[in-house]
Amino acid sequence: MLDVLDRRAVLLHERAADREEAIRRCGRVLVETGAVAEPYIQAMLERERSISTYVGEGVAIPHGVSREHVLRDAICVVRFPEGLDWDGERVTVCVGIAARGDGHVALLAQLAEILLDPERARALREATDVDTVIKELT
Amino acid sequence: MPERTVAVASRTGLHARPAKLFVQEAARLGVPVQIRVDGRRPVPATSMLGVLSLGAVQGTMVTLSAEGDGAAEALDALAALLSRDLDE
């Protein structure tokens, strides 16, 4: 997963008022690191409105459905230490995903494997430095 | 143990949206169903993370299994769901 995670796309001390703001933050990181074009952020918001991207263990995986605005496969990790209400669930980590083709399925499978291990899931939720996040996702 | 093996029909595979619809239906049916892909340990059909960890893309063969009351009906319902394109 490491090759799709840019160090600059790991933000560990973010705040957001609500789910929409959190998704915009994730989208912004993907834009700033050259993974997606601006309209992808809107696609992420639309996807979230159709069905929640909460996956469990305090983690949501916002992403757009259209591949149109994806420039390269990438993920970002944005942590909200104070937690966010996510359609009734509490989220502290967003893993934003940009992928063309089937790349995201393998990526999600790897992420799910990590989150199924309670120790690794906690390490990811409580990470306070970029190296820990990169280590956990490798 | 009753089983059903089907190919995942959804274009984007069994990930976010199709996976969530599948997990919700499995929970609604209330029968403990396991799902697996070849060579890997089964996971509960009600576990979003478990289902995501299968890494199933369109065309991947997955096997559902369950025991007890209502097993056959639950397996039929979930197999039918996987045979549809849930991205539509």
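**Exercise 1. How many bridges pair strand 2 (residues 33-37) of chain B with strand 4 of chain B, and in which sense, parallel or antiparallel?**

*Solution.* Keep in mind throughout that this is a predicted model.

Step 1. Strand 2 and strand 4 of chain B run antiparallel and share five bridges. For a residue-level check, look at B:R36, which sits opposite B:T63 of strand 4 of chain B.

Step 2. Now try strand 1 (residues 3-7) of chain B: it also pairs with strand 4 of chain B in the antiparallel sense, over five bridges. Here B:T5 has B:T63 as its bridge partner.

Step 3. Put the two together: B:T63 is bridged to B:T5 and stands opposite B:R36.

**Exercise 2. Work out which residues of strand 4 (residues 61-66) of chain B lie on its covered face and which on its uncovered one.**

*Solution.* Go along the strand and sort as you go. B:V62, B:L64 and B:A66 make up the covered face. The uncovered face holds B:M61, B:T63 and B:S65, so our bridging B:T63 belongs there.

**Exercise 3. Place those strands in the fold of chain B, and decide how compact the chain is.**

*Solution.* Step 1. Count the elements: chain B has three helices and four strands. Their order along the sequence is β-α-β-β-α-β-α.

Step 2. Compare sizes. The globule rule gives 12 Å for 88 residues, and the radius of gyration of chain B, 11 Å, is close to that, so chain B is as compact as a globular protein of that length.

Step 3. Add some detail. The C-alpha trace of chain B spans about 35 × 25 × 20 Å along its principal axes, and 40% of the 88 residues count as buried. Take the contacts in chain B between residues at least 6 apart in sequence: 67% of them join residues at least 24 apart.

**Exercise 4. Describe how helix 1 (residues 19-32) of chain A packs on helix 2 (residues 39-50) of chain A.**

*Solution.* Step 1. Start with geometry: the two axes come within 9 Å and cross at roughly 145°. The crossing is right-handed.

Step 2. List who touches. Helix 1 of chain A contributes residues including A:I23, A:G27 and A:V31, while A:I41, A:M44 and A:L45 are among those from helix 2 of chain A.

Step 3. Classify them: seven nonpolar, one polar and five charged residues.

**Exercise 5. Which element of chain A gives the most to the side that touches chain B?**

*Solution.* Step 1. In total, 17 residues of chain A contact 13 residues of chain B.

Step 2. On chain A, strand 2 (54-56) and helix 3 (103-116) each give two or more residues. Helix 3 of chain A comes out on top, with nine.

Step 3. By class, this side of chain A has ten nonpolar, four polar and three charged residues.

Notes. Residues numbered from 1 in each chain as written. Chains lettered and ligands numbered in written order. Predicted model: local features only at pLDDT ≥ 70, side-chain atom pairs only at ≥ 80, totals over all residues. Axes fitted to C-alpha atoms, helices over the stretch in contact; angles between N-to-C directions. Left-handed = near helix turned anticlockwise from the far one by under 90°. Contact = placed C-beta atoms within 7 Å. Nonpolar A, V, L, I, M, F, W, Y, C, P; charged D, E, K, R; others polar. Rg over C-alpha atoms; globule rule 2.2 N^0.38 Å. Buried ≥ 20, exposed ≤ 12 C-beta atoms within 10 Å, placed from the backbone. Pairing = 2+ DSSP bridges.
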